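Subject: Structure for you to look at

Hello,

Here is the structure I said I would pass on. Please open it alongside this message.

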Amino acid sequence: GGGNTAVDAAVTAKRAGARDVYLVYRRSFAEMPAWPNERDEALAEGVHFLILTQPLGYVTDDEGRLTGLRVASTRLGEPDAGGRRRPEAIPGSERVLPIDMAIEAIGQRPPEGLADWLGGVELDEHGLIKANSVTMQTSRPGVYAGGDIVNGGQTVVRAVAEGVKAARAITAALRP
């Protein structure tokens, strides 16, 4: 991945004693969503950035132990629906990066059918739950939401802050 979570995981692995840490990202530094100071910190810690490189799958030995990550070089093509240039694998560029541990830090999407599971909870055009920014209450009375399912995946600090807002609103609603 190329976000702050991926960079944090890479730095943490390096600080925990991993000899070589590779951050594999399909796009270039210019498209990387991680904050520049986070990337700079990772570089200073000795994290190797494999940009314009797409993971394709894992390689295991006969006993099922992880031994490698199949990757391919990419180039940036036309923009996708979100306006970001779509990475395209370069034919014939596949190779195996020897590894013994992998941390996946890739973006998530709300699950299909979320609206059906949460009857009466309104979703936005991205499938995220709509919530009042002050109380975190949803369109369904008594239901509150925060974090990635509301903000699309920001920082842990923001998710915690939204949880605190919701807790305060719930407490106020329960008081006589």
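Below is what was found, beginning with the chain as a whole and ending with its strand pairing.

Please keep in mind that this is a predicted model.

Overall make-up

The chain holds five helices and six strands. From the N terminus onward, the order of these elements is α-β-α-β-β-β-β-β-α-α-α.

As for dimensions, the C-alpha trace spans about 65 × 40 × 35 Å along its principal axes. The radius of gyration is 20 Å, whereas a compact globule of 176 residues would come out near 16 Å. Buried residues make up 28% of the 176 in the chain. Among contacts with a separation of 6 or more, 44% are between residues 24 or more positions apart.

Surface and charge

The accessible surface amounts to about 11,400 Å², and carbon and sulfur atoms contribute 53% of that. There are 20 positive and 23 negative side chains in the chain. The centres of these two sets are 4 Å apart.

Strand pairing

Most of what I have to report here concerns β4, so labelled for residues 66-79.

- β3 (residues 53-60) runs antiparallel to β4, and seven bridges join the two. One of the pairs to look at is Gln54, whose bridge partner in β4 is Ala72. Five residues lie between the strands in the hairpin of β3 and β4, where Gly64 has a positive phi near 85°.

- β5 (residues 85-89) is also antiparallel to β4, with four bridges between them. Here Leu76 is opposite Pro87 of β5. The hairpin of β4 and β5 likewise has five residues between its strands, and Gly83 in that hairpin adopts a positive phi near 90°.

- β6 (residues 95-98) pairs with β4 in the antiparallel sense through four bridges. In this pairing, Gly68 faces Pro98 of β6.

Which strands should you display to follow this part? β4 with β3, β5 and β6 will cover the pairings listed above.

For the two hairpins, the residues to select are Gly64 between β3 and β4 and Gly83 between β4 and β5.

Regards

Technical notes:
Residues are numbered from 1 along each chain as its sequence is written. This is a predicted model: local features need pLDDT of at least 70, side-chain atom pairs count only at pLDDT 80 or more; totals for chains, interfaces and linings use all residues. Side-chain values use heavy atoms; hydrogens and water are left out. The radius of gyration is taken over C-alpha atoms; the globule rule is 2.2 Å times the number of residues to the power 0.38. Buried means under 20% relative accessible area, exposed over 50%, partly exposed in between (1.4 Å probe, protein chains only). Contact means heavy atoms within 4.5 Å. Accessible areas come from the Shrake-Rupley method with a 1.4 Å probe; for residues, only the protein chains shown count as cover. Lys and Arg count as positive and Asp and Glu as negative; His and the chain ends are not counted. The place of a charge is taken as NZ of Lys, CZ of Arg, CG of Asp or CD of Glu. Two strands pair if DSSP finds at least two bridges between them.
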